[in-house]
Amino acid sequence: WLILQSHKDWPTWVNQKNIKKQIKLEKFAQENKVSLLNLALAFIKKQKSIDAVLIGITTLKELDEIIYTWDQSNCLNYDYLKWAIEDEDFLDPRNW
């Protein structure tokens, strides 16, 4: 959820190191003319260990966007490891 939002909309508890990574990711997406959703879905598609994806939506518009982007997002050849966040507090959804 957080990585699909602009860093400007992130909660105040997120540390500066993670915010800086998100800013770089946003810039990367803009330079490559892809959305953050496209990058996230392409990453998921690239993971051979993932058999299914559970996605929550709140509107039909969100579902349509996800389906369209899923169909458009091929396995983009990006170095996803450089965007990895290893902060346990940040990764735990109970803290969101």
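Is Ile57 buried, exposed or partly exposed? Select Ile57 and have a look: with a relative accessibility of 38%, this residue counts as partly exposed. Keep in mind as you click around that this is a predicted model.

**Stop one: around Ile57**

Stay with Ile57 for a moment. You'll find the residue in the loop that links α2 (36-46) to α3 (60-72). Show what touches Ile57, skipping neighbours within four places in sequence, and you should get Glu62, Leu63 and Ile66. Now pick Ala84 as well. Ile57 and Ala84 sit 27 residues apart along the chain, and their C-alpha atoms are separated by 24 Å.

Next, turn on the surface. Ile57 belongs to a nonpolar patch of about 650 Å². To colour the whole patch, select Ile50, Val53, Ile55, Ile57, Leu60, Leu63, Ile67 and Trp70.

**Stop two: Trp70 and its visitor**

Zoom in on Trp70, one of the patch residues, and add Lys45. Lys45 lies over the face of Trp70, 4.8 Å from the ring centre. If you were hoping for paired aromatic rings, there are zero of those in the structure.

**Stop three: helix α2**

Now highlight α2 and look at its buried residues: Leu36, Leu37, Asn38, Leu39, Ala40, Leu41 and Ala42. What covers them? Among the elements doing so are α1 and α3, so show those two helices too and turn the model around to see how they sit.

**Stop four: along helix α1**

Move on to α1, which runs over residues 16-31. Start with Gln22, a residue of this helix. Gln22 counts as buried because its relative accessibility is 2%. Beyond the neighbours within four places in sequence, its contacts are Leu2, Ile3, Gln5, His7, Trp10 and Leu36. Leu36 is a name you've just met, among the buried residues of α2.

Step along to Phe28, also in α1. Phe28 counts as buried too, with 15% relative accessibility. Setting aside neighbours within four places in sequence, Phe28 touches Leu39, Tyr78 and Trp83. Leu39 is another of the buried α2 residues. For a sense of distance, draw a line from Phe28 to Pro11: they are 17 residues apart in sequence, and 22 Å lie between their C-alpha atoms.

**Stop five: the salt bridges**

How many salt bridges are there? The count is two, and you can visit both.

One is right here in α1: select Lys27 and Glu31, whose closest N and O atoms are 4.0 Å apart. Both residues lie in this helix, four places from each other, which is about one turn. An α-helix has 3.6 residues a turn, so residues three or four places apart point the same way.

For the other, jump to Asp92 and Arg94, whose side chains meet at 2.5 Å, N to O. Check the surface around each partner. Asp92 counts as buried, at 19% relative accessibility, a value that falls under the 20% cut-off. Arg94, on the other hand, is exposed, with a relative accessible area of 75%.

**Last stop: Lys33**

Finish in the loop between α1 and α2 and select Lys33. What is its phi? The angle is near 55°, a positive value in a residue other than glycine. Lys33 counts as exposed, with 75% relative accessibility.

Note on methods
Residues are numbered from 1 along each chain as its sequence is written. This is a predicted model: local features need pLDDT of at least 70, side-chain atom pairs count only at pLDDT 80 or more; totals for chains, interfaces and linings use all residues. Side-chain values use heavy atoms; hydrogens and water are left out. Patches are made of residues with over 30% relative accessible area and no salt bridge: like charges are joined within 9 Å, nonpolar side chains (Val, Leu, Ile, Met, Phe, Trp, Tyr) within 5 Å. Accessible areas come from the Shrake-Rupley method with a 1.4 Å probe; for residues, only the protein chains shown count as cover. Buried means under 20% relative accessible area, exposed over 50%, partly exposed in between (1.4 Å probe, protein chains only). Contact means heavy atoms within 4.5 Å. Rings of Phe, Tyr and Trp (its six-membered ring) pair if their centres lie within 6.5 Å; planes under 30 degrees apart count as stacked, over 60 as edge-to-face and the rest as tilted. A charge sits over a ring if NZ of Lys or CZ of Arg is within 6 Å of the ring centre and within 35 degrees of the ring normal.
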